[in-house]
Amino acid sequence: MTDWIPKPNPTVDLRTLVLSPEEGFVLSRLDGATAARNLPALTGLAPERLQGILTRLVSQGALLPLATAPGINPPGMPRAQAPSVSPGYEPLAPTAPHTPQDEELPTLDLLPQEADAGDSDVLETSESDVVPAEPPDSEADAEDVPEVALGNFRQLFETRLHPQPEDQRVALAHTAQDPELSALCFDPLPSVIKAVMENPRVGLAHARLIARNHRNPVGLESLCARAAFAADVGVRRWLVRNPQLPASLFRRLWSARRLMELYKVTVDRDVPESTRRSSREVLRQRFTTGPAEEKVELILNTEGRALASLIGMSVDGKTASMLCGRTYRSPMLIQNIARWSAAPPALIAHLLKQEAVRRQPQLRMLLTRHPNAPAEARRSG
């Protein structure tokens, strides 16, 4: 039904359900007030795909069935139904006896349709209300596995997989499929992680789970041996936050990254100090050999704040020429360049001619005191 509103079932503990990453993602987007016909725009998923996900969520008990509200049960339906799992997997908890009512699931018509002019009960969304889907290579995509799904995978590993011997977990990791494959990404042994990476079903979602939760440098090396996974923005985002990321692995993966990306790692509070230190070292090395365009981008986009990490580092003639070809209006940028001991003389002379410096004597005083300031400016200052 186009105006059916999916509502989470308050009588079911979602932590006991075994959900796929997509099912957990859709469940996290349900607020109990959005009609099913508006969910494709909200989640970015195709209507046909979303229809199957919602049907599975209803069958597992995560969503209230059609025309069911909290505290009201249809005739013949038990008060609370125990959740079930996808075929082929054993449930973590005993399930209630199957009843004929379990088959009576709502028919979800999510395909685009024209709304009737007089139908005022259907929830319509404007362009400002629609949340656009994030592009695949965005940082938001790094969080495509909701916390509820992570808890399910961790619980599955701790209760069913972790008690098994290492050799059995390694053998299972070579052939497992979800949800066991995702649960094995929480294994602390690098031998199991290596076997997971050799599984033909492994994908970016599993790689991000390993980068986020695995705490062994050997296992992280196995992960980064796959170039496609090491280049993923989500994998890199969780790797730099992993306290067990080896410094040698960081240098190998980030030595060719843009200067701006390296600088973001150095100032990220969620990154361990050891990794931030390695990032500062790589940033200084790359600044000496990097292209002039990246150097100018780094200085201008950070308003000169990045120069604090580049003390004693000079720039080449092309970089200085590009910096001198711009108009400067930001007092913060001018101050940071004035405090940069390696600022080229041509850049200091160029800044002294800027209108912002002429209007503010404090900026002119900072520039005239710079060791590379022109002699005439020092005498006049």
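Begin by selecting Val196, Leu223, Leu239, Leu298 and Tyr328, which are the residues with the most contacts inside the largest nonpolar core, a set of 74 residues. Keep in mind throughout that this is a predicted model. With Val196 centred, show its surroundings: leaving aside neighbours within four places in sequence, Val196 is in contact with Ala173, Leu181, Leu184, Cys185, Val202 and Ile210. A second core, separate from the one just shown and made up of 18 residues, includes Val12, Phe25, Leu30 and Leu63. As background to both selections, nonpolar side chains in soluble globular proteins tend to be buried together.

**The whole chain**

Zoom out and colour by secondary structure, and the chain shows 21 helices and zero strands. If you colour by accessibility instead, 43% of the 381 residues count as buried. The chain exposes about 19700 Å², and carbon and sulfur atoms supply 52% of that area. On a contact map restricted to separations of 6 or more, residues 24 or more positions apart account for 68% of the contacts.

**Helix α3 and its buried side**

Select residues 47–59 next, which form helix α3. Its 13 residues, at 1.5 Å a residue, should span 18 Å, and the end C-alpha atoms are 18 Å apart, so the expected and modelled spans agree. Within α3, show the side chains of Pro47, Leu50, Ile53, Leu54, Leu57 and Val58, which are buried. These residues cover an arc of only 135 degrees around the axis, which means that they sit on the same side of α3. To see what they pack against, add α1 (21–28) and α2 (39–43) to the view. Just after α3, stop at Gly61, which takes a positive phi of about 90 degrees.

**Leu156 and a cis peptide bond**

Move on to Leu156 in helix α4 (residues 147–161), a buried residue with a relative accessible area of 2%. From here, draw a C-alpha to C-alpha distance to Pro179: the two residues are 23 apart in sequence and 8.2 Å apart in space. Pro179 lies in the loop between α5 (166–175) and α6 (180–184). Before leaving this loop, inspect the backbone leading into Pro179, where the peptide bond from Asp178 is cis, with omega near 10 degrees.

**The aromatic pair of helix α12**

How many aromatic pairs does the structure hold? There is one aromatic pair, and selecting Phe250 and Trp254 displays it, with ring centres 4.8 Å apart and planes at 15 degrees, so the pair is stacked. In this test, planes under 30 degrees apart count as stacked. Both residues belong to helix α12 (residues 247–254), and because they are four residues apart in that helix, Phe250 and Trp254 are separated by about one helical turn. Phe250 is buried at a relative accessible area of 1%, and Trp254 is buried at 2%.

**Leu262 and helix α14**

Keep the two aromatic residues visible and add Leu262, which is found in helix α13 and counts as buried at 0% relative accessibility. Beyond its neighbours within four places in sequence, Leu262 is in contact with Phe250, Trp254, Arg257, Ser279, Val282, Leu283 and Arg286. For one of these, Leu283, the C-alpha distance to Leu262 is 6.0 Å, although the two residues are 21 apart along the chain.

Now extend the selection to the whole of helix α14 (residues 273–289), whose 17 residues should span 24 Å at 1.5 Å a residue; the end C-alpha atoms are 25 Å apart, which agrees. Its buried residues are Thr275, Arg276, Ser278, Ser279, Val282, Leu283, Arg286 and Phe287. To display what covers these residues, include α11 (233–241), α12, α13 (259–267) and α15 (292–301) in the selection.

**Two last stops**

Follow the chain to Glu303, in the loop between α15 and α16 (317–324). Glu303 has a positive phi of about 55 degrees although it is not a glycine, and at 28% relative accessibility it counts as partly exposed.

Finish at Arg364 in helix α20 (residues 361–368), a partly exposed residue with a relative accessible area of 32%. A C-alpha distance drawn from Arg364 to Leu352 reads 6.6 Å, the two residues being twelve apart along the chain.

Note on methods: Residues are numbered from 1 along each chain as its sequence is written. This is a predicted model: local features need pLDDT of at least 70, side-chain atom pairs count only at pLDDT 80 or more; totals for chains, interfaces and linings use all residues. Side-chain values use heavy atoms; hydrogens and water are left out. The expected span of a helix is 1.5 Å times one less than its number of residues. Buried means under 20% relative accessible area, exposed over 50%, partly exposed in between (1.4 Å probe, protein chains only). The arc is that of the directions from the helix axis to the C-beta atoms. Contact means heavy atoms within 4.5 Å. Accessible areas come from the Shrake-Rupley method with a 1.4 Å probe; for residues, only the protein chains shown count as cover. A nonpolar core is a set of buried Ala, Val, Leu, Ile, Met, Phe, Trp, Tyr and Cys residues joined through side-chain atoms within 4.5 Å. Rings of Phe, Tyr and Trp (its six-membered ring) pair if their centres lie within 6.5 Å; planes under 30 degrees apart count as stacked, over 60 as edge-to-face and the rest as tilted.
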